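Here are a few exercises to work through with the coordinates open. Try each task yourself before you read the solution.

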Amino acid sequence: MTDKKVLIEQAKNILKRNDVDGYTVPTHDLYPFQWNWDAAITALGWMKVDESRAWLEIEMLLKGQWENGMVPHIIFHKPVDTYFPGPDVWGVKNDIPTTAISQPPVLVSVVKMMSEQATDKGLAESKLAEMLPKLIAYHQWWYNDRDPENTGLVVSYHPWESGMDNSPAWDESLAAVPPVNYTYKRKDLDHVDSDERPHAEQYDRYLYLVDFFKNSNFDSEVIYKNCPYKVYDLGIISILHKATKDLIYLCKQSNTNEQEVTWFNEQLALTEKGINTLWSNEHNSFLNKDVITQKLSPVLTTGTMLVIYAELASAEQMNALKPLLNEWLNETKYCMSSTYAKCEAFEPQRYWRGPVWLHINWMIALGADSYGLSEESAKLKSDSEELLTKFGYFEYFNSETGVGCGGDDFSWTAAIALHWFL
Ligand code: GLC
């Protein structure tokens, strides 16, 4: 077998090994449940293995959807004791226990890609028809629940919701959250080296927020008013914006939901206006913002660059962003570091503070393509391919050395490789 064939077989086997009765764990032990954006990305990989299994991944994720439309960040389908905090700590009493926050909503964009790629069009059409009302409810939830004042910018309540858990962009906002005053045992450190994981001070505050949601009875109004952590996260805002465009496309294609389409178009227009309040001339970039202090975070992260994935940057803003993107791509041996290496907080091996994540590279490459930046897009792809080929199917990669970090045999890394370059 050629090397490429071997890599393809390995990726397919990772998905199969991580399959637990219809949903895929990101990796066993460290993340033993179904995660929201992992499930979406992983379904793209399953499309190359078994289309009906790919649709099942999304159906399983939607089983955890709340009555108010939210699709949670973790669905605890079955009890497993290698992860903390589990369902008892979150305290959500639904039939299928879940967490009480969501994650970057790449789901609808993936469903659109799946329906376009499907060879079994009949299956795709019937699955899509079943799912569409649920996908609409999910996006309605984002705008209604997280932007009740119609600013065009949805708010996020937990660093875990960003999917970029310990990104330095959240440091200041998280530091303002009180720590919990009880002791607990983290389980991530049983599986991964502590210098690749978040610090204890951060964990104490992650847990405070989990308790806060529970003590607020998961009441949206109470949380919006009193949550001690509220940020405009450009990753979520951009991924939502792109996915809403895809949702409108899906509705139009099926000639349904005209009223919803009008309403979603209004939301898009609000975001296209609101996003400019996050632009910084000083940094020549969009920046995340703390909604409580109204301060922009000066740290450049791949979240800030995801704006191009949503095509939310104007021509003028793009002129300013392009040199930054190029410097960023060349600043570390492997691109694209999750934190720009010229920022003080950059750490090449620590989780979301500097390593490379392949699914983020893929989204930024799509954004670069949409602005005609084919060289930048090609570099993102070739670096991703090199990382995978040299170092394997890790959760993420050290941006200076390339060495794989975090969990091994990781589902979204296998899936993105199958979908993007293998
Ligand atoms: C970590 C990541 C998050 C991911 C999850 C499962 O929490 O930060 O983005 O969804 O692991 O892979």
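**Exercise 1.** Find which residues D383 touches, not counting residues up to four places away in sequence.

Solution. Start with the contact list: with contact meaning heavy atoms within 4.5 Å, D383 touches K333, Y334 and C335. Next, place the residue: D383 sits in helix 15 (residues 374-391), where helices are DSSP runs of H or I with at least four residues, strands are E runs with at least two, and both are numbered from the N terminus. Last, check the accessibility: D383 comes out at 7% relative accessibility and therefore counts as buried (buried is under 20% relative accessible area, exposed over 50%, partly exposed in between, with a 1.4 Å probe and protein chains only).

A quick word on the input: this is a predicted model, where local features need pLDDT of at least 70, side-chain atom pairs count only at pLDDT 80 or more, and totals for chains, interfaces and linings use all residues. Residues are numbered from 1 along each chain as its sequence is written, and side-chain values use heavy atoms, with hydrogens and water left out.

**Exercise 2.** Work out whether A11 is buried or exposed, and which residues it contacts beyond its neighbours within four places in sequence.

Solution. A11 belongs to helix 1 (residues 3-17). Its relative accessibility is 0%, so A11 is buried. Beyond its sequence neighbours, A11 is in contact with Y393, A414 and L418. For a distance check, take V307: it is 296 residues from A11 in sequence and 29 Å away in space, C-alpha to C-alpha.

**Exercise 3.** Do the same for M113: where does it lie, and what is its relative accessible area?

Solution. M113 is part of helix 5 (residues 107-117). Its relative accessible area is 16%, so M113 is buried. Leaving out neighbours within four places, M113 contacts L44, W362, L366 and H419. Now take D246: 133 residues separate it from M113 along the chain, yet their C-alpha atoms are 9.2 Å apart.

**Exercise 4.** Explain why helix 2 is largely enclosed by the rest of the structure, then describe how it packs on helix 3.

Solution. First, count: eleven of the eleven residues of helix 2 (residues 36-46) are buried, which is why it is largely enclosed. W37, D38 and I41 are among them. Then the geometry: helix 2 and helix 3 pack at about 170°, with axes 8 Å apart (axes are lines fitted to C-alpha atoms, for helices over the stretch in contact, and angles run from 0 to 180 degrees between N-to-C directions). So the two helices are roughly antiparallel (over 145 degrees; under 35 is roughly parallel, 65 to 115 roughly perpendicular and the rest oblique). On the helix 2 side, N36, A39, A40, A43 and W46 meet E51, R53, A54, E57, I58 and L61 of helix 3.

**Exercise 5.** Describe the packing of helix 3 against helix 6.

Solution. Helix 3 (residues 51-62) and helix 6 (residues 121-146) pack at about 15°, their axes 11 Å apart. The pair is therefore roughly parallel. Among the residues making the contact are W55 and I58 of helix 3 and K127 and M131 of helix 6. By class, the contact residues divide into seven nonpolar, one polar and five charged (Ala, Val, Leu, Ile, Met, Phe, Trp, Tyr, Cys and Pro count as nonpolar, Asp, Glu, Lys and Arg as charged, and the others, Gly among them, as polar).
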